[in-house]
Number of protein chains: 4
Amino acid sequence: MPGNTFGKLFRFTSFGESHGPALGGVIDGCPAALELDFGFIQSELLRRNLDYPGSTSRKEPDEVEWLSGLSGAITLGTPLAFLIRNSKQQSDDYETLASVYRPSHADFTYEAKYGIRDHRGGGRASGRETVARVVAGSIAKLFLKSFGIFVEGAVTRIGPVCLSDSFKDIDFEKTRTNHLRLANPSKEEEILQLLQQTESEGDTLGGTVACRIRGVPPGLGEPVFDKLQAHLAKAVMSIGTAKSFEYGLGQAAAGMRGSVYNDIMKIEEGKVSFVTNHDGGIQGGISNGEDICFQVGFKPVPSVRIPQQMVSADGSTREIILAGRHDNCHVPRLVVIVEAMAALVIADHILLKRSSRML
Amino acid sequence: MPGNTFGKLFRFTSFGESHGPALGGVIDGCPAALELDFGFIQSELLRRNLDYPGSTSRKEPDEVEWLSGLSGAITLGTPLAFLIRNSKQQSDDYETLASVYRPSHADFTYEAKYGIRDHRGGGRASGRETVARVVAGSIAKLFLKSFGIFVEGAVTRIGPVCLSDSFKDIDFEKTRTNHLRLANPSKEEEILQLLQQTESEGDTLGGTVACRIRGVPPGLGEPVFDKLQAHLAKAVMSIGTAKSFEYGLGQAAAGMRGSVYNDIMKIEEGKVSFVTNHDGGIQGGISNGEDICFQVGFKPVPSVRIPQQMVSADGSTREIILAGRHDNCHVPRLVVIVEAMAALVIADHILLKRSSRML
Amino acid sequence: MPGNTFGKLFRFTSFGESHGPALGGVIDGCPAALELDFGFIQSELLRRNLDYPGSTSRKEPDEVEWLSGLSGAITLGTPLAFLIRNSKQQSDDYETLASVYRPSHADFTYEAKYGIRDHRGGGRASGRETVARVVAGSIAKLFLKSFGIFVEGAVTRIGPVCLSDSFKDIDFEKTRTNHLRLANPSKEEEILQLLQQTESEGDTLGGTVACRIRGVPPGLGEPVFDKLQAHLAKAVMSIGTAKSFEYGLGQAAAGMRGSVYNDIMKIEEGKVSFVTNHDGGIQGGISNGEDICFQVGFKPVPSVRIPQQMVSADGSTREIILAGRHDNCHVPRLVVIVEAMAALVIADHILLKRSSRML
Amino acid sequence: MPGNTFGKLFRFTSFGESHGPALGGVIDGCPAALELDFGFIQSELLRRNLDYPGSTSRKEPDEVEWLSGLSGAITLGTPLAFLIRNSKQQSDDYETLASVYRPSHADFTYEAKYGIRDHRGGGRASGRETVARVVAGSIAKLFLKSFGIFVEGAVTRIGPVCLSDSFKDIDFEKTRTNHLRLANPSKEEEILQLLQQTESEGDTLGGTVACRIRGVPPGLGEPVFDKLQAHLAKAVMSIGTAKSFEYGLGQAAAGMRGSVYNDIMKIEEGKVSFVTNHDGGIQGGISNGEDICFQVGFKPVPSVRIPQQMVSADGSTREIILAGRHDNCHVPRLVVIVEAMAALVIADHILLKRSSRML
């Protein structure tokens with residue numbers, strides 16, 4: 001099974017190169033009679049195209065064309081296919097890169113794998129690929145909403161600036177109204193200056209994104225290999241430039257004692273709940289009803305506008321400054337993509353859960 | 001697809017409860033004519049049963065019985081099935097837990113999912129499940145060895161004690177001869193004292209495991225959703241108590257600038273290589289020929305021997321001290337399990353790679 | 001994905017060679033809290049070991065050992081693993097065949113695929129493999145029974161003797177009490193003589209098996225490629241020696257006019273039903289609530305006790321009479337195997353159906 | 001896994017409703033550096049749109065638009081996405097059918113499954129869906145051609161007229177130049193009269209299609225459940241109106257004796273071959289190097305222009321004459337579709353075969 005399909009029952013197949021005619025996808029397994037909110041889907045795409053200092057100058061309209069699976073706005077249970085045309089292709093920018101391997105890009109590895117690659121804008125390895133993820137994720141979100149489940153992300157770090165130390169401190173309500181989705185909106189000014197400064201130097205930044213999923217019922221997840229956290233990890237580690245994943249207390253858990261770490265349960269008014277949520281809403285690979293919380297770290301965008309030594313397919317090396325359109329920091333734009341992948345995972349597990357019992 | 005199968009072409013299905021008759025698995029897709037080294041497989045199982053202060057008193061012999069797929073020691077290409085009997089069951093220890101949800105265990109969530117659970121020793125959610133992973137992983141290692149690929153892990157942290165700050169500092173050769181597989185063998189005494197002390201207090205510890213994969217050729221990995229790091233993340237996050245995953249520079253990458261982070265390539269004697277390996281051997285989801293390096297963090301074992309408040313299925317709460325057999329720290333035993341999962345991923349991608357080109 | 005796993009959500013992985021230590025399987029995805037009836041499962045295995053003139057002298061006890069997934073007789077939702085030991089191996093019979101390709105067997109093709117094969121009794125290609133199918137199928141039947149669904153087969157032809165011309169004529173109630181499961185029990189004497197005669201000549205026979213599935217609700221089946229009939233066809237065509245599949249009116253439909261063929265619907269007491277069932281209970285790949293009816297044709301057992309010219313791996317040819325244990329007609333024993341495969345398909349689609357709607 | 005994806009490694013996902021904006025698909029796993037012949041693909045689509053008495057008046061231009069996966073005409077190894085617009089929609093024809101269940105159509109069953117359906121022209125259940133199969137199949141054919149493998153079909157029966165009794169009698173060379181792809185071109189006049197006559201009566205016909213695959217190397221096929229014939233059966237039984245499948249001698253095998261049936265092998269000039277090909281090129285589920293031969297039977301088109309009693313969703317019944325565009329016989333148009341599905345199966349198994357051995 002090749003790698004462009006995600007999920008088992010709520011199943012998304014993606015296609016498209018950065019500078020090809022179109023990107024898009026097919027969602028197979030979305031249950032019948034879900035009402036799509038096209039305005040919401042388009043607004044999610046806008047969140048992927050945020051405008052801030054150093055964000056790419058390639059501002060595609062990214063209009064979704066629906067090809068199948070709908071009766072008006074209602075899903076038929078048949079495959080939902082969609083496409084988004086690539087309108088602002090400036091392939092000329094990339095001609096000089098046809099035989100050059102850009103540092104920390106996928107140029108060398110795609111050629112090692114396929115013996116051929118589309119060098120224009122990174123081809124299939126371009127971040128532009130995520131536009132299809134956002135569309136699929138927004139459908140998953142609409143599906144989840146009908147069950148009272150909500151997926152929300154926030155930027156918790158940009159380069160050297162940390163915006164939050166723990167999930168407990170993040171006010172996701174406030175974050176949602178912040179343009180850059182910063183976990184700590186009061187630092188917006190500082191971040192904007194940082195972005196401006198980095199842009200002026202031609203350099204790039206990474207960062208981290210936190211994500212919280214509210215309203216997940218207990219019982220989602222498939223032991224042993226398909227634990228919920230394993231699928232979430234796979235989902236977000238498949239986003240380009242992701243370098244780390246942690247959930248609940250994450251890395252910090254490694255340094256703690258069990259007596260301090262363990263999530264004690266309590267009963268209030270006949271309802272089970274947890275005193276703490278160090279496990280991040282998942283125990284034994286299965287949701288426990290608490291918020292699911294995880295965090296993803298991203299390396300800096302590899303396309304710096306500073307001379308770098310590069311190797312060519314012909315065996316020569318030379319110093320090059322990359323042309324083309326690139327973000328200097330993609331982290332604020334990644335929030336909606338992280339959310340999309342998380343939503344796809346939870347939607348899939350809602351359907352998988354239906355097989356666990358006799359009726 | 002239920003969650004007890006791992007891999008696409010090199011495919012492992014696992015079964016067994018902690019206190020049932022047996023654990024085991026079926027490996028379907030191991031190519032024909034691989035010679036199994038049964039001594040090696042048994043030695044890997046011994047690495048999972050390490051003896052150290054606070055390691056569990058359940059020392060099963062863990063003898064593998066082979067049921068199919070072999071002509072002598074040679075694989076036939078047909079399913080390799082094996083089992084390991086559970087010999088030292090002390091189910092009585094668990095009778096008092098039949099209706100109690102232990103903190104930060106899978107008791108509550110399994111019941112939420114299935115409406116029924118095997119409470120004896122955690123049933124399917126027990127760490128004992130990993131015995132089958134080690135057998136499958138050792139076969140994957142034998143397969144990889146024939147291609148010159150080697151998977152090696154090391155303990156980089158136990159509780160508060162860090163044993164290594166970066167991959168570059170780990171001498172995996174030395175580590176291999178260290179009983180506990182510590183990344184810094186000179187700290188063995190300190191670790192042994194820490195384990196002793198924690199055991200005497202009835203408390204437990206977590207830690208981190210680093211893993212390096214040598215000899216991987218460029219070109220392994222399946223974009224977009226099945227990037228090599230996404231599969232590695234899923235693989236190790238499916239191990240019980242895993243809380244975090246990072247590869248290459250990992251979390252630290254989020255704070256760096258692109259101009260500092262990027263892995264510059266060079267050509268020496270006609271051969272491409274990399275000046276640094278911040279990307280951890282994977283770019284665009286595909287291996288680049290450098291060592292693949294990743295790290296996994298584990299929370300402390302949840303079974304402390306200290307009174308904890310627990311909730312029962314009947315809605316009551318009471319303070320309980322857990323009986324039964326438990327490690328106070330499982331991290332040294334996790335090394336071989338992390339290696340096993342990594343080996344399964346690489347073996348699978350060796351086979352998947354064969355489809356990428358015409359011939 | 002290698003070929004020893006069947007089904008998507010109700011998922012069966014099989015293992016074992018004819019003369020290896022054991023055969024067995026893992027059923028992953030059987031919902032929790034199904035009560036297994038071990039007596040029923042054993043009785044199904046007996047149906048596979050029917051005794052009649054020319055049936056094989058290898059009468060294994062075929063006792064099932066359960067390895068996991070159960071609390072007493074109740075499924076836990078975790079993998080159900082089982083094995084059946086091979087007790088009556090007479091591998092010596094096969095030594096002369098180590099390098100010979102038996103006509104119309106899998107000897108030559110396994111070697112072409114794997115470069116190696118287990119020649120003892122056909123190895124993995126032996127009909128003995130079906131013992132695991134029967135166990136898995138009997139669990140599927142118990143699952144289906146809880147929904148009021150029943151799978152019943154009958155022998156409709158043995159060699160030149162046809163026992164039924166159409167589904168409508170088969171009295172499955174009567175058939176069930178017939179030792180050989182003949183669709184027309186009054187012909188039992190004729191069949192027994194035919195079997196006796198063929199056996200005495202060292203020759204073999206084929207035949208056909210019909211199968212009816214009662215109680216299937218409308219709505220099972222997954223368009224476009226996973227139509228219910230496509231899965232049934234795959235299921236039974238995977239049984240060794242199967243050469244043909246048809247459902248409903250089958251081959252005869254090709255010669256009919258639409259105006260005669262079409263199944264007209266009616267409404268009686270507010271309930272939709274069909275005047276005829278030419279479509280065999282499936283329309284557009286989805287069940288319509290009528291009985292699902294299909295038929296499978298099998299070629300004669302290839303192991304005749306008559307001299308045949310055979311080719312060896314060394315390039316020589318010679319005339320050989322096959323030794324070893326073989327049925328002269330396997331068709332009566334195939335009934336329970338056909339039923340097993342059909343039951344697995346329907347069980348899978350019961351679970352798949354649960355994803356088709358929002359709730 | 002929902003049902004709109006076919007294949008494991010050479011993997012085709014299909015989408016589109018008969019009267020929606022477009023149909024199309026995504027092929028994931030086609031190896032890199034295959035050169036597409038767009039003229040050939042278009043010519044295959046023309047074969048699906050054959051013109052003969054009673055063939056549908058809906059003659060779409062069926063122009064393929066390529067969306068991704070190509071550098072010029074060369075595959076990149078990334079997903080090949082394509083679409084075909086629906087240009088001649090006359091949805092009004094279907095308004096009266098919004099709540100009526102047409103006999104032997106998928107109307108009732110889709111509603112039973114999804115609770116909703118696209119009634120316009122059958123929606124997803126329409127035969128128009130096969131246009132995407134033909135495109136995918138033509139790419140598979142181009143892939144196979146590079147290995148010297150060719151897939152060829154022929155009409156062997158239309159309604160009461162049989163055109164061939166056995167594979168041996170079919171001259172596929174001659175057939176290829178026959179407009180209707182009749183196995184016996186000399187009967188073309190008779191067939192044309194039959195089609196004319198049936199059309200004038202408003203009735204419809206079924207028939208059978210034979211298919212031969214030349215040049216398949218020995219060793220393709222995945223035992224146990226994924227035998228080559230099982231995948232071929234699933235492939236063609238997923239085509240709407242297919243009712244029967246047989247390979248090699250097929251149904252006739254059930255009546256034969258083993259001594260007559262068995263395919264004897266011989267050695268000529270050091271090369272193994274077979275005296276007969278009763279097994280149809282597959283033994284033990286694996287190809288043996290002989291031509292792969294199978295046959296598919298199709299019921300008559302259900303859309304007759306004769307009054308039929310129909311049931312409505314509201315519980316009423318009435319007599320209706322169907323409007324809309326329909327073939328009176330679809331069999332000549334099915335040839336290219338059967339070929340397409342067979343080509344997809346063989347292409348998939350070429351890739352699967354690469355995993356069977358160590359190197």
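A residue is called buried when its relative accessible area is under 20%, exposed when it is over 50%, and partly exposed in between (1.4 Å probe, protein chains only). By that rule, 69% of the 359 residues of chain A are buried. What you're looking at is a predicted model, where local features need pLDDT of at least 70, side-chain atom pairs count only at pLDDT 80 or more, and totals for chains, interfaces and linings use all residues. Residues are numbered from 1 along each chain as its sequence is written, chains are lettered from A and ligands numbered from 1 in the order in which they are written, and side-chain values use heavy atoms, with hydrogens and water left out.

**Chain A as a whole**
- Chain A holds 8 helices and 19 strands; helices (H or I, at least four residues) and strands (E, at least two) are DSSP runs, numbered from the N terminus.
- The C-alpha trace of chain A covers about 70 × 50 × 35 Å along its principal axes.
- A compact globule of 359 residues would have a radius of gyration near 21 Å, and chain A agrees with its 21 Å (taken over C-alpha atoms; the globule rule is 2.2 Å times the number of residues to the power 0.38).
- Among contacts in chain A with a separation of 6 or more, 71% link residues 24 or more positions apart; contact here means heavy atoms within 4.5 Å.
- The accessible surface of chain A is about 10800 Å², and carbon and sulfur atoms own 50% of that (Shrake-Rupley method, 1.4 Å probe; for residues, only the protein chains shown count as cover).

**Strands and sheets in chain A**
- One open sheet has 5 strands in the order β1-β2-β3-β7-β4 of chain A, with antiparallel pairing; two strands pair if DSSP finds at least two bridges between them.
- Its edge strands are β1 (5–6) and β4 (64–68) of chain A, each pairing on one side only.
- β4(A) is joined to strand β7 (residues 80–85) of chain A by 4 bridges, and the two run antiparallel; A:V64, for instance, has A:I84 in β7(A) as its bridge partner.
- Elsewhere, look at strand β11 (residues 207–214) of chain A: 7 of its 8 residues are buried, leaving the strand mostly covered.
- β11(A) pairs with strand β9 (residues 150–158) of chain A in the antiparallel sense over 8 bridges, and A:G153 has A:C211 in β11(A) as its bridge partner.
- β11(A) also pairs with strand β17 (residues 292–298) of chain A, again antiparallel, over 7 bridges; there A:R212 is matched with A:C293.

**Two buried helices**
- Helix α6 (residues 228–237) of chain A has 10 of its 10 residues buried, so it is largely enclosed by the rest of the structure; A:H231 and A:K234 are among them.
- Over in chain B, 15 of the 16 residues of α3(B) are buried, so that helix is largely enclosed too.
- Helix α3 (residues 130–145) of chain B should span 22 Å at 1.5 Å a residue, and its end C-alpha atoms are indeed 22 Å apart (the expected span is 1.5 Å times one less than the number of residues).

**Where the chains meet**
- B:R133 sits in helix α3 of chain B and is buried, with a relative accessible area of 0%.
- Leaving aside neighbours within four places in sequence, B:R133 is in contact with residues of both chains, including A:V224, A:F225, A:K227, B:F12 and B:A235.
- A turn of 180° and a shift of 0.0 Å along the axis lay chain A on chain B with an RMSD of 0.0 Å (least squares on the C-alpha atoms of residues with pLDDT of at least 70 in both).
- That is the relation of a two-fold axis.
- The copies meet through the same surface, because 100% of the interface residues of chain A are also interface residues in chain B.
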